[in-house]
Amino acid sequence: MTGEAAPLLELRHVGKSFRLRGALFGPARQLHAVRDVSLQIPRGSITAIVGESGCGKSTLARMLLGLETPSSGEILIDGQPIGALDRRAFATRVQPVFQDPVSSLNPRKTVAQIVRFPLDAHGVKHPAWRAARVREVLELVDLPQRLMHSYPSQLSGGQCQRVAIARALAIGPEAIICDEPTSALDVSVQAHILNLILDLWERTGTAFVLISHDMAVVEIMAQRIAVMYLGRVVEAGETAQVMRDPLHPYTRALLSSVMTPEPEAGLPEPAFSGMAPDPTDPPPGCAFHPRCPRAFELCAVLEPVLGKPAGAVPEGKGRQLACHLHPPPGPEAAQADRGSR
Amino acid sequence: AAAQPAEDKLRLAFEFPISTVDWYQDAKPEIEMVAEAVFDSLISYNEETNAYEPLLAKSWERVDPVTLRFALRDDVKWHDGEAFDADDVVYTINWLIDPETKIRFKANWKWIKEVRKIDDHTVEIVAKQPTPHDMMRLAYGTQMLPEHVHGKLQDKMAFRDNVVGTGMYKVAGIDTNAGIELVKNPDYNHGGPAKPASNVGTFHIKSIPDAGARTAALLAGDVDLLRNTSYEEAVALSADPRFDMDVLQSVSYMYLALDALGKSGNDALKDERVRRAIMEAVDRNALQRARTGGEPEKRSPQALCWDFQAGCAYSEPLPPFDPAHAKKLLAEAGYGDGFDVVVHTFGSTRDYGEIVAGFLNQVGIRASVQPMTFATFRKLQAEGQLGVFVGAWNAGVGPDVGTTMGLFFSGDTKDYYHDPKLIELAEKAQVTTDPAAREAIVRELLDTAVQKSYIIPLSGIPIPVVHRSEIEIAGGRNMPYAFSLGDLNWKQ
Amino acid sequence: MSAAPLLEVADLNVRLAVPHGRLHVVNNVDLQVGRGETLCLVGESGCGKSMVALSLMRLLPRVAGWSAGHLRLDGQDLSVLDDRAFAAIPGNRIAMIFQDPMTAFNPVMPLGEQLFEGFLRHRRGDRRQAREKALHLLDRLNVPAAARRLKQYPHELSGGLRQRMMIAMALMCDPALVIADEPTTALDVTIQALTLRLLAELQREMDLGLILVTHDLGLVSRMADRVAVMYAGQIVETADRRSLFAEPRHPYTRGLIDCVPVPGRHRAGGRLGTIEGSVPMMLEGVPGCRFANRCAFVRGACRAQAPPVRQAGGRSWRCIWEGLPASEDALQGAS
Amino acid sequence: MSRFIARRLLVSLLVAISVSIIGFTLLRLSGDLARELAGDNASVEDIARTAALYGLDKSLVAQYFDWLGGMFRGDMGRSLFTNESVAELIGERIWVTVILAIGSLLLALGIGIPLGVVAAWRPNSLVDRFALTLAVFGQAIPNFWFGLMLIVIFGVQLQWLPISGSETPVHFILPVVTLGLSVMPQFTRLTRSGMLDALNANYIRAARSKGLPVRRILFRHALPNAVLPIVSLAAVTFGFLLGGSVIVESVFALNGIGYLAYTSILRQDFPVVQSVVVMVSLAYIVLTFLADLVNARLDPRIRPT
Amino acid sequence: MTAQSVPAARPVPEEPATLTPNQLMRYRAKRHPGLLLGGGVTLAIVLAALLAPWIAPYDPIQQDLLAKLKPPVWAEGGSWAHVFGTDIYGRDFFSRILYGARVSVFIGFFAAFVSAIVGAAIGVVGGYFGGRVDAVVMYLVNVKLALPGLMVALALVSVTGGSILALVLILAFLFWDRYAIVCRTVTQQLRGQEFVQAAVATGASTPRILWSEILPNLFSHIVVMMSMEMALAIVVEAALSFLGLGVQPPTPSWGLLIAEGRQFLFFKPSLIVIPGIAIFVLVIAINLLGDGIRDVTATEGKG
Ligand SMILES: Nc1ncnc2c1ncn2[C@@H]1O[C@H](COP(=O)(O)OP(=O)(O)OP(=O)(O)O)[C@@H](O)[C@H]1O
Ligand SMILES: Nc1ncnc2c1ncn2[C@@H]1O[C@H](COP(=O)(O)OP(=O)(O)OP(=O)(O)O)[C@@H](O)[C@H]1O
Ligand SMILES: [Mg+2]
Ligand SMILES: [Mg+2]
């Protein structure tokens with residue numbers, strides 16, 4: 001793979017808005033769930049997307065899966081717009097794992113039938129081949145063969161999630177999009193699933209997109225992370241760097257709110273106050289400014305663009321930021337810098 | 001509450017809601033039953049003597065083959081006190097024959113060309129052509145309306161709010177929900193022997209659509225008389241000392257007709273032997289007994305007309321009940337294994353249809369019954385879609401065969417025989433005024449119909465009536481409803 | 001703790017009648033909470049934490065039955081009260097904060113009324129007093145535009161605000177003990193910290209006993225005074241916060257702590273620690289240690305009979321091991 | 001709010017138009033009215049003349065628009081058979097049906113809801129069993145049969161109650177009971193399931209954690225949440241009762257619009273039938289609309305802000 | 001020590017949590033008295049209906065005008081020759097009841113079946129595709145709901161005549177909307193569920209998703225509704241027959257028998273009571289069966 005090869009998946013200025021019916025009464029409103037997101041998912045990587053509830057993570061995931069078409073921008077796979085691709089062909093390359101292990105599986109089917117479904121859908125007719133593949137992927141996710149003919153209601157949450165992963169693996173995708181795969185699970189089960197994902201990643205070379213709201217999880221799993229706030233990516237970069245030196249106030253807030261087991265630490269300081277904004281009526285300027293402890297006048301007026309952060313910041317590979325505190329180098333950057341002290 | 005002659009009020013229940021007593025507006029037999037008590041025709045028909053009698057007209061004469069002249073009574077008052085005179089007759093007849101008038105059965109008066117007032121108490125009714133049943137039409141269903149009330153109304157329906165007639169009862173109230181109340185008209189004395197006044201002071205009529213509920217109402221003492229019940233129920237009810245029963249006789253009869261042209265798609269019926277077999281398979285006596293509890297009927301038509309009807313003549317006996325022979329005929333015709341057939345019936349003829357189907361099944365014809373609404377039945381009949389059908393015919397509602405002849409042998413789509421001879425005979429019967437000549441035509445017509453097994457009468461329609469024993473009913477009428485209100489009297 | 005604890009529960013048992021048998025969801029649970037003390041009840045999903053909480057309030061599902069050796073609140077044994085007498089306890093002396101503030105408020109009733117009704121019932125006060133009390137609490141909880149909130153309906157508030165209203169609702173009658181069942185799992189991490197702080201502040205201020213039910217060890221490590229770890233209906237270990245995290249005595253506790261991803265603390269190959277196997281059905285007649293089938297330190301005796309409850313240094317644990325070997329490898333060496 | 005109403009009105013209008021077209025075509029497909037009106041021995045010319053007189057010779061579309069135009073002017077046409085104004089026919093009868101419907105609905109609500117509440121409070125208890133049994137019975141007994149049995153018992157045997165007609169309020173007792181009991185089960189079931197859902201909801205647990213008395217929990221907390229679908233069902237049921245009381249009206253001799261429609265159907269008097277059908281449909285549309293507004297009042301989540 | 005007694009738990013031979021859904025269903029079914037009773041009675045009636053030609057002692061349309069209105073065996077003058085007596089045409093009433101079951105059950109079943117297919121198809125399409133398609137579906141449902149069903153049914157029967165096929169279709173027309181509404185709602189819920197999303201993400205064709213992911217989850221809803229609607233269809237058919245617009249004689253439906261019998265309400269009450277009870281028992285049985293199926297197929301939840 002040469003350095004300049006197109007990434008496996010690439011989002012270019014992708015946006016998605018929903019028309020809200022205005023719950024019976026009131027006018028229809030536009031909800032911008034995702035706004036102008038550009039992101040690259042390299043082959044064989046684990047990329048994490050983190051952010052608060054409602055910031056558009058799932059919507060992004062659904063677009064990556066082709067379940068939702070972007071209202072603007074485009075998504076490329078191997079440099080090809082996915083719109084140009086046959087829906088089925090695309091599906092063989094990107095597969096999902098969802099949050100809720102129970103609703104992820106059809107309650108009326110056995111494990112074997114569930115895992116076989118993608119094979120059926122893609123016309124793998126030969127029964128022996130099909131059965132072999134089912135057995136293979138179940139082994140891969142470390143699920144005992146005896147559960148082959150069980151129904152989801154007979155499985156534990158962790159087992160269900162394994163089945164879901166097995167199903168995603170069945171047609172050998174190049175990327176698996178995991179939308180909060182462990183947030184419904186207990187820590188002990190979460191540990192199993194996360195370990196499993198790491199194992200699979202090592203063994204199959206599949207790229208994973210891991211969506212989560214848990215910085216701690218992201219930290220140990222992903223090479224790259226993207227932090228989202230209200231539909232936008234506000235900071236992205238290599239995990240180690242972002243963790244060590246978060247630039248965006250929101251990223252910092254997220255990091256400082258993580259409660260790791262540290263008996264001496266006490267409850268973290270609330271990183272910011274104020275309520276989460278209404279996504280149908282986002283604040284002008286930087287969407288974070290009403291809650292940002294370091295906001296200044298410009299923030300309320302001008303929306304910062306995502307770019308390479310400048311200044312004293314160590315330049316990491318692919319580090320990106322959207323904050324007036326660290327404006328990208330350029331003519332207007334000087335002006336923005338003035339207010340930062 | 002029991003019936004109390006003391007209160008002098010007789011209560012009846014009809015099957016339909018009654019919102020008017022004006023038969024022209026709502027041409028149901030029940031309405032006519034009431035209308036007859038409120039209104040009068042020019043003449044009446046005495047069913048005992050088989051003769052026309054004076055009513056609103058004192059006398060009449062046939063001026064020429066198309067003109068009838070009536071001398072009207074000068075002592076008759078409308079219920080509101082106005083005098084009845086020739087203007088009312090002229091108004092009524094003119095209204096009936098006006099093409100713009102929206103009433104049902106307008107064909108009943110299409111024979112009338114014009115009506116002339118000669119003087120205040122003399123009118124002439126002129127027919128378009130010699131009409132043998134003109135008197136019958138004037139005696140039945142042609143009731144006189146008050147010009148001074150009816151004539152002024154824009155919306156003739158509003159007449160029900162202020163009903164004015166000349167008859168033996170005045171309308172004291174009409175309300176869809178409360179029913180109709182009729183009180184005796186003390187001034188009524190022009191009825192003569194054919195239409196005598198009843199001794200009942202007040203009638204109250206309400207509607208109870210459900211048969212079970214009607215019976216319940218009789219038992220609960222809410223009504224005093226029950227008509228349209230089954231014979232069996234009538235017998236059972238009359239076991240109660242409070243009640244008596246009468247089986248009255250209506251002029252209507254049931255008939256069994258076959259699609260001899262095969263229009264309905266049933267080729268078997270084209271075969272005369274098959275038709276004959278069907279007719280021989282039906283035991284008409286048993287069928288009649290079933291409806292009268294073993295009593296053979298007082299009257300049962302032996303042809304498509306009643307003996308008492310003017311112009312009625314026939315000699316061919318009806319097919320005997322002979323299932324063995326019927327089977328033989330079927331075998332001869334190649335239907336030894338029977339065939340499928342649907343017996344079409346409507347409303348009240350369904351019972352008979354079921355019995356007929358039962359008989360047909362016994363000779364191997366697989367018959368099922370298709371009951372339908374009257375409207376659908378008439379439509380299918382007119383379209384020639386019926387195969388075997390049991391119909392009811394009111395015999396033209398009067399003592400004359402006139403209108404019956406045109407019905408079955410009209411030559412149009414509702415004629416299932418298209419027998420040129422019969423069509424011609426039927427037409428002739430309509431215009432032949434000479435009684436003997438007409439009888440000859442009718443005889444040939446009816447005999448042919450039976451010989452060719454086109455259509456036969458099945459039975460008269462006995463109407464069991466259960467009533468409180470304080471009531472007596474004067475005998476049957478040439479009417480589909482068998483008796484009129486005026487026929488009900490308290491026992492003396 | 002010198003004085004008698006605020007709440008003292010001994011030998012609490014809860015049984016559930018389910019179609020296929022009788023679930024022992026809470027077994028021989030002993031608990032103590034002092035005034036101003038926070039006890040965290042921690043354990044995996046389904047281990048019976050909520051059942052413990054609900055049984056203290058007598059809010060168990062209809063299919064449940066309970067028994068207790070004693071259940072003393074401020075010295076009064078609540079377990080001997082009949083339902084009528086007990087009616088004065090919930091909402092008044094013991095209050096509860098529920099997990100999901102979205103569904104724990106009646107959607108068609110104004111928030112104000114929901115806050116007031118308990119007060120009106122137990123304090124026999126009038127609406128004005130209730131209002132004052134509510135406004136005071138909301139103010140303490142940093143709820144903006146508090147007066148207006150009282151007229152609003154639950155759906156009109158954000159999750160964080162709703163949870164603070166819920167806390168206010170629990171505190172309306174100045175209870176002695178508050179049971180918070182996973183009060184922040186439905187909230188975003190950033191709001192979680194804020195909410196917990198406010199709760200902790202109020203608790204200190206009002207000298208409340210707090211039972212915090214949770215499965216989040218991180219939260220436990222920062223909130224608890226004492227921790228009770230539950231596994232399959234039993235409390236397997238009780239300790240003060242520091243010693244628990246410093247030296248877990250029960251294998252389950254240790255396994256649990258190992259599972260938690262901690263930035264910077266990677267294991268070999270970047271993997272997390274795990275506990276193999278899954279929670280057993282809590283049916284009748286399970287002999288031996290309930291954790292035995294998942295335990296890395298299991299001995300033959302573990303399966304045969306229930307392990308003893310050991311007590312030392314203010315902590316107690318339910319294990320045959322007095323102190324756990326340093327690791328499984330050490331165990332291999334030892335055996 | 002106004003947007004919502006406008007939307008609903010537009011949909012309602014579309015529905016109403018479709019209903020009117022269906023109502024209009026219903027009986028036109030069969031029967032040869034002109035022949036029927038002209039009488040048995042009418043000739044072909046007579047029939048043609050009659051058809052022209054009644055406007056039956058026009059195209060169906062033209063007839064439809066004539067009728068629709070009339071409807072907008074408040075003129076529903078005239079019965080073909082009695083020449084009576086349809087508006088008057090309906091006007092005379094509608095009250096009987098409305099009283100019957102209101103009475104039955106009140107009975108159904110009055111028994112059904114409390115029964116459902118009690119049943120839900122103690123599921124599988126004796127009361128619950130009884131409520132469910134009653135519900136099943138109510139569904140299983142054909143109401144024409146039940147009506148006749150009531151007549152036999154209370155009208156004929158005991159002679160306690162009048163059995164036919166609509167003269168006094170007492171006359172409505174038996175029909176209201178017959179009809180009311182046949183629609184009651186739905187309310188019991190819906191109340192029960194709504195209450196069960198509500199009682200299983202977290203907010204009930206929260207309310208109980210406040211130590212509130214049972215009565216308040218049942219009626220102040222649970223019932224308002226369970227009542228929303230009941231309001232909708234009540235509207236739908238009222239519409240149903242207006243159009244579905246044919247049998248009870250016929251058994252108890254009530255001259256309502258159900259029976260009017262039935263007799264008119266029998267003789268294919270389509271001006272009457274189509275007007276009744278459309279009237280009942282409109283009533284239904286208006287009622288469900290009102291129910292939505294009521295629910296919007298009751299439920300703050302859909303209330304306009 | 002105080003305690004509240006634990007409600008006694010029924011002992012169980014095996015551990016049902018490890019049962020497959022089908023096994024669990026069977027397990028529950030065997031312990032569901034309503035289901036067993038309802039199912040048993042329904043089965044008995046259906047069998048009686050199917051086997052009517054073999055078990056009926058007489059031809060149900062065979063008239064014997066000499067033996068009319070014979071009382072049933074338990075009444076005075078009754079005999080075992082005619083267990084339920086005879087009707088006004090002397091037809092054996094027991095045989096007519098048996099054959100009536102045939103017609104009632106047949107009409108009820110097929111009306112429920114046809115309406116289920118139509119309604120479910122419409123509902124699933126609306127629920128799955130949403131948007132305009134759903135708007136059209138809701139519009140259809142609204143029009144249907146706005147029409148006074150019984151009146152329309154009466155009008156349609158009067159136009160088409162009471163052939164069994166016509167009745168089935170008309171009753172199906174009366175009932176399809178409930179299936180549509182329920183299937184639409186359930187489909188909407190299912191569509192949002194992650195397993196359906198996963199199926200979409202595998203690139204499976206829409207028909208395949210509807211068939212293998214949506215339909216199996218609708219099945220129990222449909223079966224439960226079918227039982228309710230079948231019961232209702234039987235009652236409504238009876239009502240139509242009662243009004244004289246039902247099936248065509250001489251083969252009777254139970255409703256028709258009631259209609260025929262009502263004139264003997266006071267003198268031969270057996271003629272109206274027997275078919276009345278027959279309908280009652282069948283409808284209750286079907287309802288019990290339906291309730292039972294619902295309980296048995298319910299997905300597991302707490303409580
Ligand atoms: N189909 C939809 N119609 C309307 N709004 C939607 C739709 N899907 C998502 N949204 C809205 O878009 C915004 C982003 O939603 P999304 O599910 O992507 O958030 P998320 O980051 O995944 O949140 P969570 O952490 O809660 O899963 C939310 O405000 C949500 O309400
Ligand atoms: N109504 C009920 N019927 C049957 N079983 C129940 C019921 N309620 C709870 N259970 C079972 O009781 C056990 C204990 O439940 P409990 O709610 O106390 O767990 P928890 O520790 O609070 O879990 P979570 O963290 O998921 O809230 C669980 O196994 C659960 O399945
Ligand atoms: Mg999400
Ligand atoms: Mg819990």
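The following dialogue explains how to read the chain contacts, ligand sites and salt bridges of this structure.

Q: On what basis are the residues, chains and ligands named, and what kind of model is this?

A: This is a predicted model, in which local features need pLDDT of at least 70 and side-chain atom pairs count only at pLDDT 80 or more, while totals for chains, interfaces and linings use all residues. Residues are numbered from 1 along each chain as its sequence is written, chains are lettered from A and ligands numbered from 1 in the order in which they are written, and side-chain values use heavy atoms, with hydrogens and water left out.

Q: How is contact between chains defined, and which chains share the most contacts?

A: Contact means heavy atoms within 4.5 Å. Eight pairs of chains touch, and the most contacts are between chains B and D. There, 44 residues of chain D are in contact with 49 residues of chain B. By contrast, chain A and chain B do not touch, their nearest C-alpha atoms being 44 Å apart. Chain B and chain C likewise have no contact, and their closest C-alpha atoms lie 46 Å apart.

Q: What is buried area, and what is its value between chain D and chain B?

A: Buried area is the accessible area (1.4 Å probe) that two parts lose on being put together, summed over both. For chain D and chain B this area is about 4000 Å², of which carbon and sulfur atoms give 49%.

Q: Which polar interactions are counted between chain D and chain B, and how many salt bridges are there?

A: A salt bridge is a side-chain nitrogen of Lys or Arg within 4 Å of a carboxyl oxygen of Asp or Glu. Five salt bridges are counted between chain D and chain B. One of them joins the side chains of B:Arg160 and D:Glu88, at 2.8 Å from N to O. A polar contact is a pair of N or O atoms within 3.5 Å; within protein, one must be able to donate a hydrogen and the other to accept it, and residues adjacent in sequence count only if both atoms are side-chain atoms. Seven residue pairs, both at pLDDT 80 or more, are in polar contact between chain D and chain B.

Q: Which elements of chain D give two or more residues to the side that touches chain B?

A: Helices (H or I, at least four residues) and strands (E, at least two) are DSSP runs, numbered from the N terminus. On chain D the contributors are helices H2 (33–38), H3 (44–53), H5 (86–121), H7 (143–157), H11 (246–251) and H12 (257–266). For residue classes, Ala, Val, Leu, Ile, Met, Phe, Trp, Tyr, Cys and Pro count as nonpolar, Asp, Glu, Lys and Arg as charged, and the others, Gly among them, as polar. The side of chain D that touches chain B divides into 16 nonpolar, 15 polar and 13 charged residues.

Q: How is the shell around a ligand defined, and which residues are closest to ligand 1?

A: A residue is near a molecule if one of its heavy atoms lies within 4 Å of it. Ligand 1 is surrounded by 14 residues, the closest being A:Ser53, A:Gly54, A:Lys57, A:Ser58 and A:Thr59. Oxygen atoms of ligand 1 lie 2.8 Å from an N or O atom in the side chain of A:Lys57 and 2.5 Å from a polar side-chain atom of A:Ser58. Accessible areas come from the Shrake-Rupley method with a 1.4 Å probe; for residues, only the protein chains shown count as cover. Taken alone, ligand 1 exposes 630 Å², and the protein buries 65% of that. H1(A) gives the largest share of this shell, three residues.

Q: Why is the site of ligand 2 described as shared?

A: The site is shared between chains because residues from chains C and E surround ligand 2. Its shell has 16 residues, with C:Ser45, C:Gly46, C:Lys49, C:Ser50 and C:Met51 the closest. An oxygen atom of ligand 2 is 2.7 Å from an N or O atom in the side chain of C:Ser45, and one is 2.9 Å from such an atom of C:Lys49. Of the 630 Å² that ligand 2 exposes when taken alone, the protein buries 79%. By class, seven residues of the shell around ligand 2 are nonpolar, five polar and four charged.

Q: Where does the salt bridge between D:Asp128 and D:Arg192 lie within the chain?

A: The side chains of D:Asp128 and D:Arg192 meet at 2.6 Å, N to O. This pair links distant parts of the chain, with D:Asp128 in helix H6 (residues 126–140) and D:Arg192 in helix H8 (residues 173–200) of chain D, 64 residues apart. Over all chains the count comes to 73 salt bridges.
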